[in-house]
Amino acid sequence: MLTPVTDTDGAPFWEYAAQGELRVQACADCAEPRFPPRPCCPHCQSFASEWRPVSGRGRVWSYVMPHPPLLPDYAAQAPYNVVVVELEDVPRIRLVGNLVARPGAPLDSLDPRRIRIGARVQVVFSGGLPQWVLA
């Protein structure tokens with residue numbers, strides 16, 4: 001399993017994920033949620049931020065089945081899906097991940113014929129990484 005490369009702005013996202021929590025950054029002044037994390041609010045230019053918990057429910061906004069694998073470390077699991085999930089609580093935020101059959105399952109565990117745009121999903125965590133299962 002690959003580990004995410006973190007930076008100062010995004011580190012809290014991964015720290016919460018390691019605890020099994022999905023949180024998104026929001027402006028502490030105007031309350032506008034933002035992803036990816038960054039130091040300044042694009043709406044009011046404030047540098048104040050906070051991390052808000054979200055439900056982890058969403059829907060598949062888009063997906064691909066990479067052929068050949070784009071990352072060599074994933075070659076043994078190909079073909080696998082990569083989904084873009086629009087969060088139910090904050091629909092302007094979309095997260096990239098994988099749709100799996102159950103928490104901790106391999107990336108190729110879900111039959112690709114079951115993936116549909118608009119399918120309802122729920123976040124699960126495996127090794128500190130957010131993944132998605134069909135709701």
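**Helix α1, strand pairing and side-chain contacts**

In α1, the residues A11, P12, F13 and A17 are buried. The model described here is predicted. Cover for the buried residues of α1 comes from elements that include β1, β3, β7 (120–126) and β8 (129–134). The helix itself spans residues 11–18. Just after α1, G20 adopts a positive phi of about 80 degrees. On the other side of the helix in sequence, T3 belongs to the segment before α1. T3 is exposed, at a relative accessible area of 66%. The C-alpha atoms of T3 and G20 lie 16 Å apart, with a sequence separation of 17 residues.

Aromatic contacts involve α1 residues as well. The structure contains two aromatic pairs. In one of them, F13 with W14, the ring centres are 4.9 Å apart and the planes stand at 90 degrees, so the pair is edge-to-face. The cut-off for that class is an angle over 60 degrees. F13 has a relative accessibility of 7% and therefore counts as buried. W14 is partly exposed, at 26% relative accessible area. Ring pairs join F13, W14 and F35 into a cluster.

Two arginines are placed over aromatic faces. R23 lies over the face of Y16, 4.3 Å from the ring centre. R94 lies over the face of W61, and here the distance to the ring centre is 3.9 Å.

R23 also falls within the residue range of strand β1 (residues 23–27). This strand belongs to an open sheet of three strands, ordered β2-β1-β3, with antiparallel pairing. The edge strands are β2 (33–34) and β3 (49–53), each of which pairs on one side only. Between β1 and β3, which run antiparallel, there are five bridges. Within this pairing, Q25 stands opposite W51 of β3. In a regular strand, side chains alternate between the two faces of the sheet.

A further set of pairings connects β4, β5 and β6. Strand β4 (residues 57–64) is joined to strand β5 (residues 82–87) by six bridges, and the two run antiparallel. Here Y63 stands opposite V83 of β5. Strand β5 is also joined to strand β6 (residues 94–97), through four bridges and again in antiparallel orientation. On this side, V83 stands opposite G97 of β6. V83 thus has Y63 as its partner in one pairing and G97 in the other. β5 and β6 form a hairpin, with six residues between them. The two residues of the R94–W61 contact can be placed on these strands: W61 falls in the range of β4, and R94 in that of β6.

The cysteines were examined last. A disulfide is a covalent bond between the sulfur atoms of two cysteines. The count of disulfides is zero. For C30, the closest cysteine sulfur is that of C41, at 3.7 Å, which is too far for a bond. The cut-off applied is 2.5 Å. C41 is likewise in no disulfide, with the sulfur of C30 as its nearest cysteine sulfur. The accessibility of each cysteine was also computed. C30 is partly exposed, with 34% relative accessible area. C41 counts as buried, at 1% relative accessibility.

Notes:
Residues are numbered from 1 along each chain as its sequence is written. This is a predicted model: local features need pLDDT of at least 70, side-chain atom pairs count only at pLDDT 80 or more; totals for chains, interfaces and linings use all residues. Side-chain values use heavy atoms; hydrogens and water are left out. Two strands pair if DSSP finds at least two bridges between them. Rings of Phe, Tyr and Trp (its six-membered ring) pair if their centres lie within 6.5 Å; planes under 30 degrees apart count as stacked, over 60 as edge-to-face and the rest as tilted. Buried means under 20% relative accessible area, exposed over 50%, partly exposed in between (1.4 Å probe, protein chains only). A charge sits over a ring if NZ of Lys or CZ of Arg is within 6 Å of the ring centre and within 35 degrees of the ring normal. Contact means heavy atoms within 4.5 Å.
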